[in-house]
Amino acid sequence: MSQMPQQTALSRCPSCEEPLESGDRFCGACGYDLSAVPARPSDHPTVALNGTTPPQGTPGMAWPVAPETGGSGHHPAGMHLPTDLQGTDSGGRELPAAPEVPPFAGSPVSPAAGVRFDHPREPDEYPLQAPDPRVADTAFSDVPTPAAEGTKVCVACRAGRVDSDGYCENCGHAQPRERDHMEQDAGPVAAVSDRGLRHHRNEDAFALGCAALPDGSSAVLAIVCDGVSSATRPDDASLAASRAASEALLAALPLGTHPQQAMHDAIVAASRAVNSLAAEPATALEQAPHQNAPACTLVGAVVTSGLLVVGWVGDSRAYWVPVDRGAPPARLTEDDSWAAQMVAAGLMNEAEAYADERAHAITGWLGADAYELEPHTASFKPDRPGVVVVCTDGLWNYAEAAGEMAEVVPLDAAVRPLHSARVLVGHALDGGGHDNVTVAVLPFPAPPQGAGSV
């Protein structure tokens, strides 16, 4: 069986000096074609006429080649090349001298490095075609025409208008999507959401709010949703659920509804909002055979002056981290997932279950194809101040246990919630950012606030 000829192994690229790996056919740094490098002879270098041998393996030392001028040229002292002697033909007549060729004029050999180039040297600059006098001078102006007032401006050139496809009409730069990175500071509560480093879009969403209770005290809330990637329109599902749940809470809490009941009703409202997406024409257009109806998970928290309420469906979580780090932190939610079911049934311990590749398969979600909607709610009365961290698995994958989460939450999280949310998102990105990351930080107890909502 014939095989491709193998080049002699090179340790560094002859063009840019980057280290090479065995079997490389192109340089990974500059793209140089390594098949154009002449193979180093397997035997020893030719012995010079004066009895010396050219040094081998000297860094930066090129193998000697004939100068391109065709004459004796310049070469190391004591070294002689075939072109130094005038040759004769079979009849004894002297051969004509080789014509002089200017350096790099189409020659594939570089005298400086002893490397063969199979393409001519490219110029440092390329001449520009003269402008067509029939075209207005403004078409060639270096300064782009400013975008009309009220239109979206390109983040790259800061002047071109962004078209409906998300590209600048001036420089062609693709614009970042609005949901790639989102931040909101709503006074005592803040949240940050980021696309992460591996996903092509952000399928998470969040909603924050503050409401005045009938007794004049304040309630602070956060809803975080994670779109199910295997479903249709997961980004729309998370956005619809977060908005519906927050609107339901902000409407119910000022009326005196108990926060735990209000949370239950908010999850039901979010479920209806996601279910309605399944009947929209946009879903039918995007539907693929392997996709399900729009779906997402949800976790939320409501904090008052003396009560902490959480609600969830799916595997997004809420954590309690006290200001006094000497007190134990706690996870406030239980996942609707395969791993959680294995642990609850006593078939695996937590470490074994979450190490399994099926660990993150969820058993509960919001969506038209959910088996049965089972909103989970729980209420707590902490005896000390702290913060509630509400997040998607994009964060807790990198800080799963309550103690691990407490270690990465800044000590001043209760007074700097936005900064803390940024730190937690950064922790997930530093860990690999394999998923979308969304984090909301709520202080407990809720600080006094005036009436109104955000």
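**Leu277 and the helical packing around it**

Reader: Is Leu277 buried or exposed in this predicted model?

Author: In this predicted model, Leu277 has a relative accessible area of 7%. Buried means under 20% relative accessible area. Leu277 therefore counts as buried.

Reader: Which residues is Leu277 in contact with, leaving aside its neighbours within four places in sequence?

Author: Leu277 lies in helix 2. Its C-alpha atom is separated by 8.5 Å from that of Ala368, 91 residues apart along the chain. With neighbours within four places in sequence left aside, the contacts of Leu277 are Arg233, Asp236, Ala237, Ala240, Thr283 and Pro294.

Reader: At what angle do helix 1 and helix 2 pack?

Author: Helix 1 covers residues 234-252 and helix 2 covers residues 259-277. Helix 1 passes helix 2 in a right-handed crossing. Their axes are 8 Å apart, and the angle is about 145°.

Reader: How many residues in the contact of helix 1 with helix 2 are charged?

Author: Helix 1 contributes residues including Asp236, Ala240 and Leu249, which meet helix 2 residues, among them Met263, Val274 and Leu277. The contact divides into 16 nonpolar residues and no polar ones. The number of charged residues is 1.

Reader: Which helix gives the largest share of the largest nonpolar core?

Author: The largest nonpolar core has 30 residues, and Leu395 is one of those that touch the most other members. Leu395 touches residues including Val389, Met405 and Leu424. The largest share of this core, 5 residues, comes from residues 417-430, that is, helix 8.

Key
Residues numbered from 1 in each chain as written. Predicted model: local features only at pLDDT ≥ 70, side-chain atom pairs only at ≥ 80, totals over all residues. Heavy atoms only, no water. Core = buried A, V, L, I, M, F, W, Y, C linked by side-chain atoms within 4.5 Å. Buried < 20%, exposed > 50% of the residue type's maximum accessible area, 1.4 Å probe, protein only. Helix = DSSP H or I, 4+ residues; strand = E, 2+ residues; numbered from the N terminus. Contact = heavy atoms within 4.5 Å. Axes fitted to C-alpha atoms, helices over the stretch in contact; angles between N-to-C directions. Left-handed = near helix turned anticlockwise from the far one by under 90°. Nonpolar A, V, L, I, M, F, W, Y, C, P; charged D, E, K, R; others polar.
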